[in-house]
Amino acid sequence: MWGKLNRILERLVAPFRALFHTIFRGHYRLERYSLGLAFAIIIAGGIGGAVEIAPLFTIDETVEEAPDMRLYTPLEQVGRDIYIREGCYTCHSQMIRTLRDEVDRWGPYSRAVESQYDHPMLWGSKRTGPDLARVGGKYSDAWHVAHLYYPRDVVAESVMPAYRWLARRNADLDDLSARLETLRTVGVPYTDAQIENAVSDALAQVNPDGARAGGLIERYGEATNIRNFDGQPGNPTEMDAIVAYLQILGKLVDVETLDTESGQQE
Ligand code: HEC
């Protein structure tokens with residue numbers, strides 16, 4: 001019985017064996033000609049490269065246009081840097097996929113344009129905690145402060161670490177102008193005025209009654225959150241910065257007005 005099965009199997013793989021042998025013999029011969037082999041490697045690598053590069057030619061159609069897209073304010077950029085420094089991305093993704101369960105849970109799926117100015121992007125690939133792409137506005141500032149201070153105070157079963165020191169440390173604003181300028185060199189359209197006023201705009205964002213709040217609104221738009229995020233008086237802490245950043249996630253563009261069929265904003 002085994003012999004019969006073997007013969008059937010052999011007959012099944014026979015055509016493939018012939019193909020394999022032909023390729024194998026051809027390759028064997030090719031390996032003896034270094035120049036020929038080098039060309040073959042270039043061609044094979046070229047095909048792989050073309051497959052990777054090809055989608056870039058359609059990037060204009062892939063990335064929706066959103067002329068009124070907001071830029072991160074200087075304070076939000078500082079918060080973003082803290083998010084990276086503390087490794088929040090190792091537990092949280094920032095990309096809602098086009099799957100029913102994700103859309104039901106977190107809201108409209110992420111559009112390409114929403115991470116257009118993210119350097120580096122923080123899509124992430126690990127979800128120990130929930131996706132944060134649309135967490136902005138979901139909770140109050142006080143909730144975020146309490147949660148970052150000690151997550152189990154607000155979510156009893158949470159396994160997220162506590163980040164108490166964020167409330168104690170002052171946000172590092174020293175090189176803010178240079179940071180925005182660097183972002184401009186990679187394509188984020190910060191204006192000269194935004195770069196020049198980076199530090200004062202960061203200070204203004206936690207001081208709604210201050211004289212400089214008007215300038216911040218002028219440069220970043222009416223929708224800018226100007227609040228004392230951490231509830232503590234004085235200069236912005238790292239807690240202020242990261243909460244400002246969390247509250248803007250998903251709010252840079254109004255996704256509802258993005259018509260993804262044509263890739264244009266209505
Ligand atoms: C070890 C993994 C881990 C790390 C690191 C981590 N988190 Fe979390 N996070 C979680 C888990 C798990 C939850 C869900 C339970 C909860 O709400 O605490 C969560 C929940 C959250 C939520 C609430 C999301 C929602 O929609 O309810 C926010 C906001 C958040 N994390 C922000 C952060 C920030 C900011 C950092 C970095 C400073 C961070 N997390 C680092 C695991 C993590």
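This tour moves from the whole chain to one helix, then to the nonpolar core, a loop and the ligand.

**The whole chain.** Begin with the entire protein chain on screen, keeping in mind that this is a predicted model. Colour the chain by secondary structure, and twelve helices and two strands should appear; followed along the sequence, the pattern runs α-α-α-α-α-α-α-α-α-α-α-α-β-β. Turn the view until the extent of the C-alpha trace is clear, which along its principal axes is about 85 × 45 × 40 Å. The radius of gyration of the protein chain is 26 Å, whereas a compact globule of 266 residues would have one near 18 Å. Of these 266 residues, 26% count as buried, and among the contacts between residues at least 6 apart in sequence, 67% join residues at least 24 apart.

**Helix 2.** Next select residues 34-53, which form helix 2, and set a distance between the C-alpha atoms at its ends: they are 28 Å apart, in agreement with the 28 Å that 20 residues should span at 1.5 Å a residue. Is this helix largely in the open or buried? The number of buried residues among its 20 is zero, so helix 2 lies largely in the open.

**The nonpolar core.** Now turn to the largest nonpolar core, a set of 38 residues in which Ala-241 and Ile-242 have the most contacts. The elements that give two or more residues to this core include helix 4 (74-85), helix 6 (141-149) and helix 8 (176-185), as well as helix 12 (238-248). Helix 12 gives the most, with eight residues. Centre the view on Ala-241 and show what it touches beyond four places away in sequence, namely Leu-75, Val-78, Gly-79, Ile-82, Ala-171 and Pro-236. As background, nonpolar side chains in soluble globular proteins tend to be buried together.

**A loop residue.** From the core, move to Pro-151, which is found in the loop between helix 6 and helix 7 (165-168). Pro-151 counts as partly exposed because it has 18 C-beta neighbours inside 10 Å, while 20 or more would make a residue buried. Leaving aside residues up to four places away in sequence, Pro-151 touches Ser-158, Met-160 and Ala-162; the C-alpha atoms of Pro-151 and Ala-162 are separated by 6.1 Å, although the two residues are eleven apart along the chain.

**The ligand.** Finish by selecting the ligand and the 22 residues around it, of which Cys-88, Cys-91, Gly-129, Ser-158 and Met-160 come nearest. Ser-158 and Met-160 will be familiar from the previous stop, where they were among the residues that Pro-151 touches. Colouring the shell around the ligand by residue type shows 14 nonpolar, six polar and two charged residues.

Methods: Residues are numbered from 1 along each chain as its sequence is written. This is a predicted model: local features need pLDDT of at least 70, side-chain atom pairs count only at pLDDT 80 or more; totals for chains, interfaces and linings use all residues. A residue is near a molecule or strand if its C-beta atom, placed from the backbone, lies within 6 Å of it. Ala, Val, Leu, Ile, Met, Phe, Trp, Tyr, Cys and Pro count as nonpolar, Asp, Glu, Lys and Arg as charged, and the others, Gly among them, as polar. A nonpolar core is a set of buried Ala, Val, Leu, Ile, Met, Phe, Trp, Tyr and Cys residues joined through C-beta atoms within 7 Å. A residue is buried if 20 or more other C-beta atoms lie within 10 Å of its own, exposed if 12 or fewer, and partly exposed in between; C-beta atoms are placed from the backbone. Helices (H or I, at least four residues) and strands (E, at least two) are DSSP runs, numbered from the N terminus. Two residues are in contact if their C-beta atoms, placed from the backbone, lie within 7 Å. The radius of gyration is taken over C-alpha atoms; the globule rule is 2.2 Å times the number of residues to the power 0.38. The expected span of a helix is 1.5 Å times one less than its number of residues.
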